[in-house]
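Biologist: I have this fold open on my screen and would like to understand how its parts are described. Could you walk me through the reasoning behind the labels?

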Amino acid sequence: MTVFELMINRRSVRVFIDKEIPEDVIEKLLNAANNAPSGGNIQPISIIIVKSKETREKLAKIIGPQPWVKNAPLSMIFCLDFYRVKRWAALSKIDFQGEHSLGHFLIGYADIMCAAQNVVMTAESFQLGSVYIGSIQGTMDKIRECFSIPKYVLPLMLVSIGYPKSKPETMPKLEKNIIVHNEKYRILNDDDILKAYNNKYGEFDEDVDAYLEKAYIEVLEANKQESGNWLKLVKKRIKSLDIQNHAQFLFKLRYPTEAMVKQTELLFQQMRNAGFKF
Ligand SMILES: Cc1cc2nc3c(=O)[nH]c(=O)nc-3n(C[C@H](O)[C@H](O)[C@H](O)COP(=O)(O)O)c2cc1C
């Protein structure tokens, strides 16, 4: 398959068969990560490999109800690592304060995501599947403690990888012309915005399972594995919150606006605990 075909066929995979990934393949994934672009080529990145059953269980317990974290034979914790850069700078008689520079933080986060996506696509080329776990960001204190992560290092992304047992058919995406702007930004009118998202998800209807297939695949995938309660809860909340459309589903139920704004302080606190302050 060409790289383009791999990209078009990629889907987040959350159900894995119980099969180890050969060491030479893992080495290739890591080489791909290490060869990713990096702002200034500073490479403020560390990757913690999680393979043993015991560590997988510890990690999964911290992350919460996402059974694929425990079931995947391999997970990689992508850390923004200013500890090593700071030490190197100090040893070289120069001050580096990435922990106080929003610029270094933003570029460093982009760096680790470039490395993570290199891993995701290299995994695809070896018939592996993977899924990002962004919710690690809500548990950075615990992850830092569990994995002995020092100050100035933030575990900002997790990728779980394995051989797919099943793969979601297709996930809806916006039409390409909605995200592309020729030569300058064009502001869509309200009708076009509504149409764009309706085209993406289809009409919000009573067939909750079919809807969730498109809008919250995680709960269905979890249900296939172990966390049946999650699906029940979501179905109940669609009713109790009187969800009427897709945007309400996202910003009332999945990512409630008030809770998301409130979470900002928790994220800042975790960053401060790691020595980051802008
Ligand atoms: C930054 C980021 C964070 C994500 N976090 C999670 C997560 O915590 N749990 C999960 O199951 N999937 C997670 N995903 C996967 C998305 O749910 C998935 O990419 C999206 O539904 C689109 O599906 P696709 O990847 O198959 O195209 C994340 C993806 C990204 C890019």
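**Helices, core and ligand shell**

Modeller: Gladly, and let's begin with a helix: the buried residues of α2 pack against β2 (45–50), β3 (74–81) and α6 (102–125). Please keep in mind that this is a predicted model.

Biologist: Which residues of α2 are called buried, and what makes them so?

Modeller: They are Ile-26, Leu-29 and Ala-33. A residue is called buried if 20 or more other C-beta atoms lie within 10 Å of its own, so Ile-26, Leu-29 and Ala-33 each meet that cut-off.

Biologist: How do you know that the buried residues of α2 line one face?

Modeller: Looking down the axis of α2, we find its buried residues within an arc of 55°, so they line one face of the helix. An α-helix has 3.6 residues a turn, so residues three or four places apart point the same way. The face turned away from the buried side of α2 carries the exposed residues Asp-24, Glu-27 and Asn-31.

Biologist: What is the span of α2 set against?

Modeller: Helix α2 (residues 23–34) has twelve residues and reaches 16 Å from first C-alpha to last, close to the 16 Å expected at 1.5 Å a residue.

Biologist: Which residues are buried in α3, and what puts them on the same side?

Modeller: In α3 (residues 53–63) the buried ones are Leu-59, Ala-60 and Ile-63. They cover an arc of only 100° around the axis, which puts them on the same side of α3. Their cover includes β2, α4 (68–71), β3 and β4. Exposed Glu-54 and Lys-61 sit on the face of α3 turned away from its buried side.

Biologist: Which residues of the largest nonpolar core touch the most other members?

Modeller: Of its 46 residues, these are Phe-78, Cys-79, Val-119, Val-153 and Val-159. Strand β5 (residues 153–162) gives the most to this core, with seven residues. Leaving aside residues up to four places away in sequence, Phe-78 touches Ile-45, Ile-47, Ile-112, Ala-115, Ala-116, Leu-156, Met-157 and Val-159. A second, separate core has eight residues, including Ala-215, Val-219, Ala-222 and Leu-231.

Biologist: And which residues come nearest to the ligand?

Modeller: Of the 13 residues around the ligand, they are Arg-11, Ser-12, Tyr-132, Gly-134 and Met-171. The elements giving two or more residues to this shell are β4 (129–133) and α11 (217–225), and β4 gives the most, with three.

Biologist: What makes up the shell by class?

Modeller: Six nonpolar, four polar and three charged residues surround the ligand.

Technical notes
Residues numbered from 1 in each chain as written. Predicted model: local features only at pLDDT ≥ 70, side-chain atom pairs only at ≥ 80, totals over all residues. Near = placed C-beta within 6 Å. Helix = DSSP H or I, 4+ residues; strand = E, 2+ residues; numbered from the N terminus. Nonpolar A, V, L, I, M, F, W, Y, C, P; charged D, E, K, R; others polar. Core = buried A, V, L, I, M, F, W, Y, C linked by C-beta atoms within 7 Å. Buried ≥ 20, exposed ≤ 12 C-beta atoms within 10 Å, placed from the backbone. Contact = placed C-beta atoms within 7 Å. Expected span 1.5 Å × (residues − 1). Arc of directions from axis to C-beta.
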